[in-house]
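Biologist: I have the sequence and the model open. Can you take me through the packing and the strands?

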Amino acid sequence: QALLDAVEHLQGAPLVASILETEILPARVGGYRPADLDTLIAAGEVVWAGVEPLGERDGRMALFLTDARAALRRAPGAPPELGPRELAVLAALGQGGATFFDALHAAAGGGFPGDTVDALWSLAWRGLVTNDSLQALRAFTRPPSRQRRDRATGQAFRSRRAAPPAGQGRWSLVHPGLQTTARDPGADARTHTAWGAAVAQQLLTRHGIVTREVAALEGVPGGFAAVYEIYRSMEERG
């Protein structure tokens, strides 16, 4: 329950993935255990989505309560400059829903597994795909380590998993019904207004006082102007 409360407070904020479970969540949840977050994600209570990459092995990501995700996260437009492997992964997820790495790798044309892992994380940091646990994210942001060795024999540990660590788990589209063709401008405007209202309320919940600096710190698309009209309308209604 404490972890759900923390996610509700933080949802939508761009968080540095590599310190999510070492600094951010432990500072808010006493006795934080990574398994608890995995349980909430697997149960469908919490989802995560990438925001942007940071260097080669890190990025900003956001957590959401599942019911609030659609309101707080705007659907991206048609993604620019996606490679053939990335497009193949999106097509496979669009047709088959949540899918394990092996099937996605085959749909993307096979070859070197690292190429499909790179495609998945390119899509993840664009906010287009997510995973049903944080195991892949932990593996992606963790510095490469030496092979584990069996305590009894001293032999190098060899994983029995077919999927690379950074590709494990089931992948799915963040926005399953996303349309990348021409859209209705009126519908886009209504969606933007609903998004602005949800984000404005979330910022008040998280910060208490919302300023231009807060909007800049949160990386709100459109900056403070994107929520100012919402606040002015709320003020007029008391």
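Modeller: First, a term: two strands pair if DSSP finds at least two bridges between them. Keep in mind that this is a predicted model.

Biologist: Which strand do three bridges join to β6?

Modeller: Strand β6 covers residues 170-173. Two bridges join β4 (residues 99-100) to β6, antiparallel. Three bridges, also antiparallel, link β6 to residues 129-131, which form strand β5.

Biologist: In β6, what is the bridge partner of N131?

Modeller: Look along β6. R170 and S172 point to one face and are not buried, while the buried side chains on the other face are L173 and W171. R170 is the bridge partner of F100. For N131, the partner is W171.

Biologist: Which helix gives the largest share of the largest nonpolar core?

Modeller: That core holds 45 residues, and among those touching the most other members are L20, L37, W121 and W171. Six residues, the largest share, come from residues 113-125, which make up helix α7.

Biologist: A separate core exists too; how many residues does it have?

Modeller: Its members include V47, V174, A198 and A226. The count for this second core is 21 residues.

Biologist: Why does E21 count as buried?

Modeller: E21 sits in helix α2 (residues 20-24). Its contacts beyond four places in sequence include P26, P34, L37 and L134. The cut-off for buried is under 20% relative accessible area. E21 counts as buried because its relative accessibility is 18%.

Biologist: Which side chain makes a polar contact of 2.6 Å with the side chain of E21?

Modeller: The side chain of Y32 makes a polar contact with that of E21 at 2.5 Å. At 2.6 Å, the partner is R138.

Conventions: Residues numbered from 1 in each chain as written. Predicted model: local features only at pLDDT ≥ 70, side-chain atom pairs only at ≥ 80, totals over all residues. Heavy atoms only, no water. Core = buried A, V, L, I, M, F, W, Y, C linked by side-chain atoms within 4.5 Å. Buried < 20%, exposed > 50% of the residue type's maximum accessible area, 1.4 Å probe, protein only. Helix = DSSP H or I, 4+ residues; strand = E, 2+ residues; numbered from the N terminus. Polar contact = N/O pair within 3.5 Å; in protein donor to acceptor, adjacent residues only side chain to side chain. Contact = heavy atoms within 4.5 Å.
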